Amino acid sequence: MEIQEIFALLTPEQRDFQLGINGADPLTKGFPRKRVLHAGLPGKMLSLTEGQQTWERLMAVPPVRRAEQSVYIHIPFCKTKCLYCGFFQNGIDQVVEDRYVDYLLEELQREEKSPRLQQGLVHTVFIGGGTPTSLSARNAERLLKAIQQCIPLANDYELTLEGRVHDLLPEKMDVWLSGGVNRMSLGVQSFNTKVRRQLGRLDDKETVLQRLRSLLDYHQCVVVIDLIYGLPDQDMAVWQEDLKALEASGVDGADLYQLNVFDGSALNQAIKDKKIARAATTAQQAKMFAYGYDFLTKRAYKRLSNCHWSRNNRERSLYNSMAKAGVTMFPFGCGAGGSLDGYAIMNHRFLKAYEACVGKGQKPLMVMMQESPLESIARSVIDQMERGVLNLNLLASRDERLKELRWLYDLWEERGLVHNNGVLFELTVPGQFWQINLTQTTLECMQSLLTGKNTLAVQHIAAQEERHDS
Ligand code: SF4
C-alpha cells in the first residue's frame with residue numbers, strides 16, 4: 001500500500017491531525033493541536049515478575065564496550081505545588097525525606113556490584129524531580145557520596161541537579177558543588193514577579209536574578225534555567241522582558257517550554273473559576289515561540305534540541321540529548337523512568353510501594369515495557385527531529401520502503417513546515433513549533449510502511465506538551 005492510499009482511508013479530521021491543516025498559516029494554525037507528550041511507538045507490557053527477571057538478567061551482563069550510559073535519580077518532594085504542574089508527588093517532611101534517602105541509597109548500592117555498572121561507564125547523571133534542591137544539605141551530601149561510590153563516572157561526566165532558585169543558599173550550594181555537581185538546571189518559568197507568584201513560585205524577579213548571580217559566582221558549574229511561554233498574564237511584552245532577563249542573567253543555557261494546561265490541573269480549575277487570567281492560546285504561544293527563536297538566534301545562542309538553547313560551549317546538555325537518542329538510562333528513586341536494552345522502565349510512583357520493594361531487596365519496578373521492534377530506527381528519527389532535521393536518504397538506506405516518506409515531506413514543504421536543502425529536510429520555524437506532530441506522524445507512517453498495517457487511524461491523544469518541572 002502506498003502512503004497516499006493510507007491517508008486516503010482517514011477521515012478529514014484524522015488527516016488534519018496527521019498531516020496538518022491545508023492552506024492554514026503554518027505557524028499559528030499548522031495543526032489542530034499538539035498530539036502527544038512525547039513522540040514514540042507503543043511497546044509491550046511485561047508482568048512484574050517478568051520485569052524483575054529481565055532487569056536482573058540485563059544488569060548481570062557487562063555493557064557493550066564504550067557504550068554511553070546515563071543515570072536518572074528522582075527526588076519526589078517539593079516545598080509547594082506550582083499551579084500548572086502535573087508532576088507534583090509529595091510535600092516536604094524531614095522525617096519522610098530522611099527515610100526516603102535511606103531507601104534510595106539502598107537501591108543504588110544494590111546495583112553497585114552489577115557487571116552492567118561495574119564494567120561500564122556512566123557519562124551523565126541527572127537528579128530530577130520534584131525538587132532535588134529541596135533536599136537538606138545532609139541528605140544531598142549523602143546522595144552525592146553514594147553516586148561517587150556506586151556509579152562509575154566517565155572522566156568527562158555531566159552531573160546535573162535540578163531544582164528551584166529559592167534553594168540557592170550558600171550552605172546548600174557548597175555541598176552540591178563539592179559533591180561533584182557540575183550542572184544546575186533551575187526552574188524559573190518567568191522572571192515577572194506577578195506571573196511567578198500567582199503560579200506558586202516563591203521569589204520575586206530581583207531575588208531570582210540575585211540568587212542566579214550568586215550561583216554563577218562560584219564559576220564551578222554550568223547553570224541552565226527553564227522558562228515557560230503562554231502563562232496567565234504573560235503576554236508578548238512580558239515574554240520579551242523574560243527573554244531580556246534571561247540574557248542579562250548570564251546563565252549558560254535555557255529551555256523554552258510551551259505551557260500545557262492539563263485537564264483537571266489546579267491551573268485549569270483556577271482559570272475556570274476566574275481566579276486567574278486565561279493562558280495564551282496555541283496561536284499566541286506559536287508567536288511567542290517564533291519570537292524566542294528569533295531573539296536567541298540573533299544573539300548567537302545555539303539550539304541543541306527543539307526547546308533547549310546554549311549560550312556557550314560549556315553547556316553540553318548531554319543528558320537530554322542522550323535521553324532523546326535512547327541511550328541506556330538506569331532509573332533510581334520513586335517515580336524514576338529509564339530504559340535499558342530495548343525495555344522502558346518506570347519505578348513505583350508512590351513512596352510506600354517504592355519503599356516496600358526496596359525493603360524486600362527488589363528493583364522497585366512499577367512498569368517494564370518491551371519497546372517496539374522498530375525502536376532503533378524510531379530513535380534515529382526522534383533524535384534528528386529534535387535537532388530540527390531529517391535525512392530521508394539515510395533512513396531509506398536502512399530500509400528502502402521508507403523512501404515513501406518523501407511524499408509526506410514534499411507535502412510539508414509545500415505547507416511551509418520543512419525545507420529541502422538538497423541533502424536533508426530542515427524544519428522551518430513553524431515546523432519546529434509543531435515538531436512533535438511531525439515526528440509522531442513520521443513514526444506512525446514508518447510503522448505502517450514497515451509492518452504493512454495501517455496504524456494511522458488511531459485515537460489521538462489530546463493536546464500535551466513537553467515535561468517541565470521544578
Ligand atoms: S513545577 Fe517543579 S517545583 Fe513546582 S510542583 Fe511541579 S515538580 Fe514541584
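Begin by selecting residues 63-294, the stretch that the UniProt annotation "domain: Radical SAM core", from an unreviewed entry, covers. Keep in mind throughout the tour that what you have open is a predicted model. Within residues 63-294 the chain is 42% helix and 21% strand, and if you pick the two end C-alpha atoms of this stretch you will find them 42 Å apart.

Stay with the local details for a moment and select Gly129 together with Gly130, where the peptide bond that joins the one to the other is cis, with omega near 15°. Gly130 has its place in the loop between strand β3 (122-129) and helix α7 (137-150), so colouring those two elements will frame it. Next, move along to strand β5, residues 183-189, and select Gln189, which lies in that strand. The phi angle of Gln189 is near 70°, which is a positive value in a residue other than glycine.

Now zoom out and colour the protein by its two domains, giving one colour to domain 1, which is made of residues 3-41 + 375-451, and another to domain 2, which is made of residues 48-325. The C-alpha centres of domain 1 and domain 2 lie 29 Å apart, and where the domains are in contact, 14 residues come from domain 1 and 17 residues from domain 2.

How much area do domain 1 and domain 2 bury between them? The value is about 1400 Å², with 60% of it on carbon and sulfur atoms. To see where much of the contribution of domain 1 comes from, select Glu386, Gln432 and Phe433, which supply 41% of the area that domain 1 buries against domain 2, more than any other three residues.

Keep Glu386 selected and add Lys324, because the side chains of these two residues meet in a salt bridge, at 3.6 Å from N to O. The count of salt bridges between domain 1 and domain 2 is 1, while the count of residue pairs in polar contact between them, with both residues at pLDDT 80 or more, is 5.

Finally, select the helices α3 (26-29), α16 (375-386) and α19 (429-433), each of which supplies at least two residues of the side of domain 1 that touches domain 2. The largest share of that side, 4 residues, comes from α16. If you colour the residues of this side of domain 1 by character, they divide into 5 nonpolar, 4 polar and 5 charged.

Key: Residues are numbered from 1 along each chain as its sequence is written. Side-chain values use heavy atoms; hydrogens and water are left out. Domain bounds come from an automatic or database domain assignment. Contact means heavy atoms within 4.5 Å. Buried area is the accessible area (1.4 Å probe) that two parts lose on being put together, summed over both. A salt bridge is a side-chain nitrogen of Lys or Arg within 4 Å of a carboxyl oxygen of Asp or Glu. A polar contact is a pair of N or O atoms within 3.5 Å; within protein, one must be able to donate a hydrogen and the other to accept it, and residues adjacent in sequence count only if both atoms are side-chain atoms. Ala, Val, Leu, Ile, Met, Phe, Trp, Tyr, Cys and Pro count as nonpolar, Asp, Glu, Lys and Arg as charged, and the others, Gly among them, as polar. UniProt positions are given in the numbering used here, feature names are shortened, and annotations may be inferred rather than shown by experiment.
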